[in-house]
Amino acid sequence: MVAGQILRMVNGPIGSSRFCNRLDRSAEIFRAADGPRGPNAALLSVRRSYMTDLTAVDATVAPAVKPATLPARPFFSSGPCAKPPGWSAAALATDSLGRSHRSKIGKTRLAYCIDLMRELLNLPDTHRIGIVPGSDTGAFEMAMWTMLGARPVTTIAWESFGEGWVTDAAKQLKLDPTVIRADYGQLPDLSAVDFSNDVLFTWNGTTSGVRVPNADFIPADREGLTFADATSAVFAYAIDWAKIDVATFSWQKVLGGEGGHGVLILGPRAVERLESYTPAWPLPKVFRLVSKGKLTEGVFKGETINTPSMLAVEDAIFALEWGKSIGGAAGLIARSDANAAALDRIVAERDWLGHLAVDEASRSKTSVCLTVAGADEAFIKAFAGLLEKEGAALDIAGYRDAPAGLRIWCGATVDTADIEALGPWLDWAYATVKAAA
Ligand SMILES: Cc1ncc(COP(=O)(O)O)c(C=O)c1O
């Protein structure tokens, strides 16, 4: 079976679909949504090792009986993620729209959004939190560009987005960082990290489904700063903020909000760095956090550097109020845990499905990445395309740079019943694509 045959099968008349009108170009169906990075040579070789000949598959295959029940909300994308239950565009507050973001209402809503985030993150008063441009990437690069260069840098990478920060540090900022890496599915040896350096890491690697289990590997008395890209981690894991000097995220992940804006969290040592160190390179306006040697405090009260989308802000407020209504951080984390456990049961019951993340302690509870026996990229495209066409599961093909497999978002905005309803559909898609091979 060649990719073209499978694609024809996916695009052919395989039953009615409520999503057909949105999915009539295969290139759109299969494009991973989150991020621009290309694989390096090491990652490519890992990926190749997963691309086994389909004919070699020797796993048990259930008969291809199409399940009767669809997940109520088949939204399993790893970014932008499912909207919170009960969300609708009409439910958003709109009084701040069409007004200056510096008007009283604009500033009040921005400050309210910041206050809600602080509350739901259990963020201590020691840490500032602000809304910045450029989604998570903008927030993380703002931190890198404004604070790095003062001392040696270590970057830890085990998947595509961590690799992106390695590229930034090495090729753009030319900092000659120490790079500690692991292949897809594994966590590097965190005990090897020298915390007299500034240390960059991704709390939850969205493209491999591997996360740090906690912040115990970070010493309390470190000399360097810690920079955590926590975009698919916040609101899903308890974060030990005393160990984090800089954290970033975007609303589009666990909150099910919109992209476009990033959130920047700064601990006191990061502020000290900003006020005492001037990088050797020029900074564009959207990166500037200091004025006359002092932190621009307004950014952390809702006086954004440039114009925000108040619609995205209102959307984030909706998600945060929903999070608060279900018990705040504990409620959000419990939903993610329940989703990941439901998916884990599905995996355990099938010999053709496995976890890409080998060690359970560092396995993601948000972006869960699965291996499929014998599957190569064409098989996964056909598999995910079938489910998309049926309206059973949207956006579950693994990230394009990762080993061929599935990625199913288990963050708080997904309902556990929908994960449970997915199991029989995965069986059906596997049997159907395999039968066509
Ligand atoms: C770990 C990680 N870092 C960074 C990004 C980029 O996020 P954004 O597109 O919000 O800038 C993503 C997106 O999936 C991610 O998963």
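Reader: Which residues of strand 8 are buried on one side, and which on the other?

Author: This is a predicted model. Check burial one face at a time. On one side of strand 8, V246, T248 and S250 are buried. On the other side, A247 and F249 are buried. Both faces are covered. Five of the five residues in strand 8 are buried.

Reader: What counts as buried?

Author: A residue is buried if 20 or more other C-beta atoms lie within 10 Å of its own.

Reader: Where does strand 8 sit in the sheet order?

Author: Read the order strand by strand. Seven strands form an open sheet, ordered 1-9-8-7-4-2-3. Strand 8 stands between strands 9 and 7. The edges are strand 1 (128-133) and strand 3 (178-181), each pairing on one side only. From one strand to the next, the twist averages 20 degrees.

Reader: Is the pairing of strand 8 with strand 7 parallel or antiparallel?

Author: Take each neighbour in turn. Strand 7 (residues 226-229) pairs with strand 8 (residues 246-250) in the parallel sense, over three bridges. There, F227 is opposite V246, and A228 is opposite A247. Strand 9 (residues 261-266) pairs with strand 8 in the antiparallel sense, over five bridges. On that side, T248 has L264 as its bridge partner. The sheet as a whole has mixed pairing.

Reader: Which strands does helix 6 lie across?

Author: Look for the strands under the helix, then for the angle. Helix 6 (residues 160-172) lies across strand 2 (153-157), strand 3, strand 4 (198-202) and strand 7. Helix 6 runs at about 155 degrees to strand 2.

Definitions and conventions: Residues are numbered from 1 along each chain as its sequence is written. This is a predicted model: local features need pLDDT of at least 70, side-chain atom pairs count only at pLDDT 80 or more; totals for chains, interfaces and linings use all residues. Two strands pair if DSSP finds at least two bridges between them. Helices (H or I, at least four residues) and strands (E, at least two) are DSSP runs, numbered from the N terminus. Axes are lines fitted to C-alpha atoms, for helices over the stretch in contact, and angles run from 0 to 180 degrees between N-to-C directions. Two residues are in contact if their C-beta atoms, placed from the backbone, lie within 7 Å. A residue is buried if 20 or more other C-beta atoms lie within 10 Å of its own, exposed if 12 or fewer, and partly exposed in between; C-beta atoms are placed from the backbone.
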